[in-house]
Amino acid sequence: LKDHRHWVRSVKFRADGLKLLCGSADHTAKLFDTCTGTCERTFQGHSASVYAAVFTAPEGLRVLTASFDGTLRLWDATSGSELLVLDGHTRGVTCCAVHGECAVSSSFDTSLRTWRLPSM
């Protein structure tokens, strides 16, 4: 799979294994079809490396990205539209995890933050 312009920092399969989500130092996250290797979607809006990218639910309808720009962004996986920017860390965000409507992020500012994601 080649579509990023810089090194890849994060890789996650969708629960069914048919899609792969990658976060990169090129400031984007990309969604790949694992059968064809085709890049189906590019999530673009961060101003620094994307350290983490995760699906917010097993069906993979939304994506959450965490970036060194200090923000997390929620995306519609089907359209690629940005749905929400979560801003609160004072330094780069290094990791994120989602369970239901709850997201947790960690940062170089040494904090963990919890976020409530909007329901679908």
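**Close-up views of an all-strand predicted model**

**View 1. The open sheet of four strands.** In this predicted model, four strands form an open sheet in the order 5-6-7-8, and their pairing is antiparallel. Strand 5 and strand 8 (82-87) lie at the edges with a single partner strand each, so one side of each has no neighbour in the sheet. From one strand to the next, the twist averages 20 degrees.

**View 2. The pairing of strand 6 with strand 7.** These two strands, strand 6 and strand 7, run antiparallel to each other and are paired over five bridges. Thr65 is found opposite Arg73, a residue of strand 7.

**View 3. The largest nonpolar core.** Twelve residues make up the largest nonpolar core, among them Val54, Leu64, Leu74, Val93, Cys96 and Trp115. At least two residues of this core come from each of strand 5 (50-55), strand 6 (62-67), strand 7 (71-76) and strand 9 (93-99). A second core, separate from this one, has nine residues, including Phe43, Ala53, Phe55 and Ala77.

**View 4. The surroundings of Trp115.** Beyond its neighbours within four places in sequence, Trp115 is in contact with several residues, including Leu72, Leu86, His89, Glu101 and Ala103. Of these contacts, Leu72, Leu86 and Ala103 belong, like Trp115, to the largest nonpolar core.

**View 5. The protein chain as the setting for the close-ups.** The protein chain has zero helices and 11 strands, and its radius of gyration of 13 Å is close to the 14 Å that the globule rule gives for 120 residues, so the chain is as compact as a globular protein of that length. Of these 120 residues, 46% count as buried.

Methods. Residues are numbered from 1 along each chain as its sequence is written. This is a predicted model: local features need pLDDT of at least 70, side-chain atom pairs count only at pLDDT 80 or more; totals for chains, interfaces and linings use all residues. Side-chain values use heavy atoms; hydrogens and water are left out. A nonpolar core is a set of buried Ala, Val, Leu, Ile, Met, Phe, Trp, Tyr and Cys residues joined through side-chain atoms within 4.5 Å. Buried means under 20% relative accessible area, exposed over 50%, partly exposed in between (1.4 Å probe, protein chains only). Contact means heavy atoms within 4.5 Å. Two strands pair if DSSP finds at least two bridges between them. Axes are lines fitted to C-alpha atoms, for helices over the stretch in contact, and angles run from 0 to 180 degrees between N-to-C directions. The radius of gyration is taken over C-alpha atoms; the globule rule is 2.2 Å times the number of residues to the power 0.38.
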